[in-house]
Amino acid sequence: MLEYLPYGASTIAPGHDKLFALLYYLSVLIFTLVNVVFLYFVIRYRHKPGRKAYYYHGNNLLEFTWTLLPTILFAGLGLYSDDMWRQMKYASRLPNPDVEIDVVGQAFAWSARYPGADGILGRRHDKFRTANNLFGIDPSDPNGKDDITMTGEFNLPVNKNVVVHLSAVDVLHSFFLPNFRVKQDAVPGSWISVWFNGTRAGKFELACAELCGSGHYNMRAVLNMQSEADFNKWMDEKNKAKLATLEAEKTEPQPAQVVAATVPAKSAEQSPATH
Ligand SMILES: [Cu+2]
């Protein structure tokens, strides 16, 4: 239909492309008609010596018609495309997620958060956000301890409903997966959910589609769409590595404990009472 579009790789791509093609060819048709008629009138009624311009005062039938036809056309297109829009954008139409992740945009990179071995994304709030905690994971929520975050490249399974909760750290970004026909602004201070169901395995581009600063052109990530088995294997490895790190942290003294142990001794040394 429209060969220059990136090939579709999600369940909504065929319906989306049909709608896109309809709008595209309707625009081409109307543009051509208007310009052919326009050119005809320009030539037919061009200036000629002796030709007199005449005064013409409206025509109700003509005005009624050229108001009614575009109204029918635009209202019709609105109604026709409404279901596709709801399916893509309405929170009430989000499918039951098979995989649920958080994604944040930050000048100039995309990061993702997976729920970890417990399968639960820990609570988050922007007040907890630091350079080392881009998602604002609540440190008091045990569900957040095993969450896994990564930047620049991440994996997801094909033929699964993926729900992405989207936000931004600094300025507006736009989460754009051309092959999946998904595009959604990522807005600092709010979390917006988008979904897709990928139909093809492979590497896909996640681009930023909002001019967000000098590095905007370079703000992209790689999305690896894998078979369910490959994805589960990848996720298991990530979870094992994360649990091992958590175990190691438990046995080593925490930086906070080291500070707590040394500070009183130090202050006792410096206290005038001990001299
Ligand atoms: Cu951006």
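Which residue in strand 5 is the bridge partner of Gly105? Before selecting anything, note that this is a predicted model, in which local features need pLDDT of at least 70, side-chain atom pairs count only at pLDDT 80 or more, and totals for chains, interfaces and linings use all residues. Residues are numbered from 1 along each chain as its sequence is written.

**The two domains**

Select residues 13–47 together with 56–92 for domain 1, and then 99–251 for domain 2; these bounds come from an automatic or database domain assignment. The centres of the two domains, taken over C-alpha atoms, are 40 Å apart.

**Helix 2**

Next, select residues 60–89, which make up helix 2 and its 30 residues; helices (H or I, at least four residues) and strands (E, at least two) are DSSP runs numbered from the N terminus. From first C-alpha to last, helix 2 reaches 41 Å, close to the 44 Å expected at 1.5 Å a residue, where the expected span is 1.5 Å times one less than the number of residues. Centre the view on Ser81 to find a kink of about 40° in helix 2, the bend at a residue being the angle between axes fitted to the seven residues ending there and the seven starting there. Helix 2 lies largely in the open, because the number of its 30 residues that are buried is 0. A residue is buried if 20 or more other C-beta atoms lie within 10 Å of its own, exposed if 12 or fewer, and partly exposed in between, with C-beta atoms placed from the backbone.

**The sheet with strands 1 and 5**

Now colour the open sheet of 5 strands whose order is 3-2-1-5-8 and whose pairing is mixed; two strands pair if DSSP finds at least two bridges between them. Strand 3 (148–151) and strand 8 (192–197) are its edge strands, each pairing on one side only. Within this sheet, strand 1 (residues 99–106) and strand 5 (residues 161–168) run parallel and are joined by 7 bridges. Here the opening question is settled, since selecting Gly105 leads to Ala168 as its bridge partner in strand 5.

**The sheet with strands 4 and 10**

Move on to the open sheet in which 5 strands follow the order 4-10-9-6-7, again with mixed pairing. Its edge strands are strand 4 (153–157) and strand 7, each of which pairs on one side only. Strand 4 runs parallel to strand 10, with 5 bridges between them, and Pro157 stands opposite Gln226 in strand 10. Strand 9 and strand 10 run antiparallel and are joined by 6 bridges, with Gly202 standing opposite Met225 in strand 10. Turn strand 10 to compare its covered face, formed by Ala221, Leu223 and Met225, with its uncovered one, formed by Arg220, Val222, Asn224 and Gln226.

**The loop holding Phe180**

Finally, select Phe180, in the loop between strand 6 (173–177) and strand 7 (182–186). Is Phe180 buried or exposed? Phe180 counts as buried because 27 C-beta neighbours lie inside 10 Å. Leaving aside neighbours within four places in sequence, the contacts of Phe180 are Ala9, Ser10, Ala13, Phe196 and Gly198, where contact requires the C-beta atoms of two residues, placed from the backbone, to lie within 7 Å. Leu134 is 46 residues from Phe180 along the chain, and their C-alpha atoms are separated by 26 Å.
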